[in-house]
Amino acid sequence: MTLFEELKWRGLIKDMTSPEIEKLLNEGEVTFYIGTDPTGDSLHIGHLSSFLICKRLASHGHHPIILVGGATGLVGDPRPSKERDTISYDLVKSNVDCLTEQVKSLFGNFEFVNNYDWSKDVDFITFLRDYGKYFNVNYMINKDIVKRRLDEGITYTEFSYQIMQAMDFCVLYQNKNCIMQVAGQDQWGNITAGVDLIRKKLGKEAYAFTMPLVTKKDGTKFGKSEGKAIWLDKEKTTPYEFYQFFINSEDEMVIDYLKRFTFLSREEIEDLEKKHREHPELREAHKALAYEVTKFVHGEEEAENAKKMSEDIFSGKNENMPVVDSTLKVGANILDILVDTEFASSKSEAKRLVEQGGISVDDEKIVDPKFTINKKEIIIKKGKKIFKKVTLK
């Protein structure tokens, strides 16, 4: 199976600017880039699904460049609903440092660049003369994300974002012979703008392809649990919570996630698919998915710990479950405790969980929102699979 065939089998190719991409990928030694803006100090699993392409292509002789957008992060790419809040220079710089360190820990010695380095000295007149002149406004308006915002209105800042991203591709093409860009499918308009700019400004051919966004069975965004993002930073999402998120994947989607998120071979995944089809109650595919992704992000030791903790809890052994020190005192209300220990993101969500019978304390179902906890140590269970030992002050 060629690299291109493998990427197609894994569901990692959505749109391509040219059929020539198949040949380029199969022959190896292409310099390509993928980027992210530093809107936070950690990546989440939505980023991970995209960034894994770097390792897949590198293993076939290609050269990845990972771009962290210190400049584009100051501007903000258009969102479907409203403009992003402006982030301070200091916060963007801090986020750039955090993301760069995090991605290096995951992917090792790939090449890293920051578009602030070549953007900061481009004055407004130069930006218009050297880049803006190549963009037709009618063409820009027809880009999907811009078109969706026209009714509510879109600022010049957001409108200009695609020129900035196109400039990145052009600069990397000129300085690093980077001939290809890879991105999620929601970036199609921005990356084709870069391909067009290189053709018009440099008279050269560049290439790009997108990957489908990872979704749940109903097509909604993948990567959140109870409204909370699943982060790669273990201080934000513990390895156990990370493991639990994947082991609780929808049955209909688990094989797709194995293809997208792991480096298991086709033979291994097809074997898991057969087991999943014949004996879904054993959850072999779910266990493999959770273990492999946790191992890649947090290391083998953390993956083993999360696996053992999950097995102990499932079998009724409680000694290895997560322990949370609450900031609240004995006698606190159950709703406050649920929010404080991150079982719920708000008191309204906590109340809903309790009233719907989704919360147990020491194996006793709690349905009264006014219930108070009068013990120092308790075990809280949400649903069937989320447990924490909580210690009150």
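The legends below describe close-up views of a predicted model.

**View 1. Cysteines 170 and 178 in a structure without disulfides.** The structure holds zero disulfides, and for cysteine 170, which takes part in none, the nearest cysteine sulfur belongs to cysteine 178 and is 11 Å away. Because a disulfide requires two cysteine sulfur atoms within 2.5 Å, that separation of 11 Å leaves cysteine 170 unpaired. Cysteine 178 is likewise in no disulfide, its nearest cysteine sulfur being that of cysteine 54, at 11 Å. With a relative accessibility of 0%, cysteine 170 counts as buried, and cysteine 178, also at 0%, counts as buried too.

**View 2. The largest nonpolar core and its most connected members.** This core comprises 97 residues, of which Leu25, Ile53, Met180, Phe209, Phe246, Leu258 and Phe261 touch the most other members. Helix 11, spanning residues 161-176, supplies the largest share of the core, with nine residues.

**View 3. The surroundings of isoleucine 53.** When neighbours within four places in sequence are left aside, isoleucine 53 is in contact with Leu7, Leu12, Phe32, Ile34, Val182, Phe209 and Met211. Among these partners, Phe209 is, together with Ile53, one of the residues that touch the most other members of the largest nonpolar core.

**View 4. A second, separate nonpolar core.** This core has 18 residues, including Ile337, Ala350, Ile359 and Val361.

**View 5. A nonpolar patch on the surface.** Phe124, Leu128 and Tyr156 together make a nonpolar surface patch of about 330 Å², and tyrosine 156 lies in helix 10, which covers residues 156-159.

Note on methods
Residues numbered from 1 in each chain as written. Predicted model: local features only at pLDDT ≥ 70, side-chain atom pairs only at ≥ 80, totals over all residues. Heavy atoms only, no water. Buried < 20%, exposed > 50% of the residue type's maximum accessible area, 1.4 Å probe, protein only. Core = buried A, V, L, I, M, F, W, Y, C linked by side-chain atoms within 4.5 Å. Helix = DSSP H or I, 4+ residues; strand = E, 2+ residues; numbered from the N terminus. Contact = heavy atoms within 4.5 Å. Patch = residues over 30% accessible without salt bridge, like charges linked within 9 Å, V, L, I, M, F, W, Y side chains within 5 Å. Areas by Shrake-Rupley, 256 points an atom, 1.4 Å probe, with all protein chains shown as cover. Salt bridge = Lys/Arg side-chain N within 4 Å of Asp/Glu carboxyl O.
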